[in-house]
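Please load the coordinates in your viewer and keep a selection prompt at hand. The stops below are meant to be followed in order, each beginning with something to select.

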Amino acid sequence: MSSPWVAVVVGALVASAAVAWFTDGRRRQLHDRLRSRLLLGVPWGTLVSVAFVLAVYLLVQGGVDHWNNPVTLPFRAWSYLYPLGVVTAPFSHGGPGHLLGNLAGTLVLAPIVEYAWGHYPSERGAASFSSLRTNPYVRAFVVFPAAVVAVGLLTGAFALGPVIGFSGVVFAFAGFALVHYPLTTVVAALGGQAVLQRTYRALLDPVLTGSVSASGPSAPWWAQIAIQGHALGLLIGILIGVAVARRRDRSPSPTRLWAAVVAFSVPQGLWAVYWFRGNGEYVLYQALGLALVAGLAVIVTVAVTASERPLPRSGSDLSRRRVAAAVLLVSLAALAGPAVPTNAMTVDDGATPTEDAVTVNGYTVTYAEDVRNRMIPAVDVSLFGESTNVTTSGVIVVNDDRHIWTQAASKQALAYDGFERIRLGGVGWDSTVDARRVGWSAVGGGTAYNVWLRADGAAPEHVFNSSPANAEPRVGGTNVSVVATERGGFALRVTEGDRLLAREPMPSANGSVTVAGVAFARDDDALFAVANGTRVRVAEREGFR
């Protein structure tokens, strides 16, 4: 963007913040409080963590050369049998929007956590620099970033499915911060993060021109949320926050804490409990999800603020606080438990067509329709009328060494764009495979199409041909169909009832062909049947956005 706009945006924000700071009569008190908790008043652990995540995106995922399209497939948590994916997934991202959203969340939430924990020891009798544990430099530059990495590894190991992203850790920041500073956390999560993201977008595109346009097929927004990973991170953060709060005998107002948990969880989509039915269909259980959020708020409030007095008539020393903490632990185990057997399994051995495919350094890329999703457990499970036996259609990537099986591009997306680029790779290398769909749509009928794949530096390979498309107009009492051939071309088929009369290759542009006595003329991307001076459009080349 141009430097004048940078000056306008940055100058306006800095000037407005400066006015607020110098008109605040308590600024000296705030400054002293920051320096009493943080080394030089700066959240160094947060900055180190942000730098680490950014370095993974730029250097490991290749974002320095491909900022908008990093390598993601080998850096997802596919299986425990592929530890590189489990280790790198919590710190990798699917694209710049994903990365910057999580970094914004980190910048507004992690400093709250770092402040609550502190670079200086708060235990009675402890003195700074008396040991490594109490050294503020070690706490700021080593212990806090190490804890962030440890939480990230936990979310990577116990998240369900091939997750990617730092959001599990961001939700852990939120969980810890909610326990100590509930209202501040809500303001930071809902307001501070939005300000940072909008500032970045304003700097990137200071002036935008919008127009009405169609959008491509995509999953509902709530189906793109890693709800289990987010809830897992939140519970981990809450439990760590509860442990620290108890040790320091600190607790917020119960009403504030309950309200903050609900106010944070609902906008962040923690109510979005959904199921994938296969082939682009999802079902959302939002009533159940909202009830779970309400239950979480109650349990967290009791675990943090209830007294340690034994339960009346219980005959034991169990208190409400301990019972609530135990419920949180059980809830965490219930969230993490299903991931263990799922992530311990290799990719299901179900049949996936690989004879027509492109191979690149251990990756096999193909196209298939209505095949079983091999990343869904092979054991059929039914719940609420839903089943794990789901099917998938689109560009499929398989890598047995990395235990990868994924739909890299859906059938609907390829039909909308006509082209998809699939990025493959590993540590230190990357490559691409281009998928292209070419089709002819029959008037009043469907579309016959071929799918081609092309690896870097190689010739295109034909990998799929669809079923024929039947035109609605009848010509001379016969039916006309467009056929996608096994070699990647197209043919015209003329039938009478169930009887095949003839089949001939599709004419070239501005050419013609006679099939079973019917003349067909191609006018660029349109095909006409010609008889007795009458021209009837029967098919046209498939168009894309």
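**Aromatic pairs between helices**

Begin by selecting Trp 117, which is buried, with a relative accessible area of 18%; keep in mind, here and at every later stop, that this is a predicted model. Add Phe 144, which also counts as buried, at 6% relative accessibility. Across the model the count of aromatic pairs comes to 12. Trp 117 and Phe 144 form one of them, a tilted pair with 6.2 Å from centre to centre and 35 degrees between the planes. Because Trp 117 lies in helix H5 (residues 96-117) and Phe 144 in helix H6 (residues 136-158), this pair ties together parts that are 27 residues apart in sequence.

Now extend the selection to Phe 52, Phe 91, Phe 166 and Phe 173, and the cluster that ring pairs link together with Trp 117 and Phe 144 is shown in full. Before leaving this part of the model, select Arg 37 and Tyr 115: the charged end of Arg 37 sits over the ring of Tyr 115, 5.8 Å from the ring centre.

**One side of a helix**

Select residues 286-305, which make up helix H11; its 20 residues reach 29 Å from the first C-alpha to the last, close to the 28 Å expected at 1.5 Å a residue. Colour its buried residues next, namely Gly 289, Val 293, Leu 296, Ala 297, Val 300, Thr 301, Ala 303 and Val 304. How wide an arc do they cover around the axis? The arc is only 165 degrees, which puts these residues on the same side of H11. When looking along the axis, it helps to recall that an α-helix has 3.6 residues a turn, so residues three or four places apart point the same way.

**Strands and their hairpins**

Move on to strand S10 (residues 429-442) and strand S11 (residues 447-455), which pair in the antiparallel sense over nine bridges. Within this pairing, Ala 435 stands opposite Leu 453 in S11. The hairpin of S10 and S11 has four residues between the strands, and Gly 444 there takes a positive phi near 75 degrees. With the two strands still displayed, select Arg 437 and Tyr 449, where the charged end of the arginine sits over the tyrosine ring, 3.6 Å from its centre.

Continue from S11 to strand S12 (residues 461-465), since these two strands also pair in the antiparallel sense, here over four bridges. Trp 452 stands opposite His 462 in S12, and the hairpin that S11 and S12 form has five residues between them, with Gly 457 in the turn at a positive phi of about 75 degrees.

**Back to an aromatic pair, and a polar contact**

Select Tyr 363, which is buried, with a relative accessible area of 0%, and then Trp 429, which is partly exposed at 24%. Their ring centres are 6.2 Å apart and their planes stand at 65 degrees, so the pair is edge-to-face. As Tyr 363 lies in strand S4 (residues 363-372) and Trp 429 in strand S10, the pair ties together parts that are 66 residues apart in sequence.

For the last stop, select Ser 393, found in strand S7 (residues 391-399). Is Ser 393 buried or exposed? Ser 393 is buried, with a relative accessible area of 5%, and a polar atom of its side chain lies 2.8 Å from the backbone nitrogen of Asp 370.

Methods:
Residues are numbered from 1 along each chain as its sequence is written. This is a predicted model: local features need pLDDT of at least 70, side-chain atom pairs count only at pLDDT 80 or more; totals for chains, interfaces and linings use all residues. Side-chain values use heavy atoms; hydrogens and water are left out. Two strands pair if DSSP finds at least two bridges between them. Buried means under 20% relative accessible area, exposed over 50%, partly exposed in between (1.4 Å probe, protein chains only). A polar contact is a pair of N or O atoms within 3.5 Å; within protein, one must be able to donate a hydrogen and the other to accept it, and residues adjacent in sequence count only if both atoms are side-chain atoms. Rings of Phe, Tyr and Trp (its six-membered ring) pair if their centres lie within 6.5 Å; planes under 30 degrees apart count as stacked, over 60 as edge-to-face and the rest as tilted. A charge sits over a ring if NZ of Lys or CZ of Arg is within 6 Å of the ring centre and within 35 degrees of the ring normal. The expected span of a helix is 1.5 Å times one less than its number of residues. The arc is that of the directions from the helix axis to the C-beta atoms.
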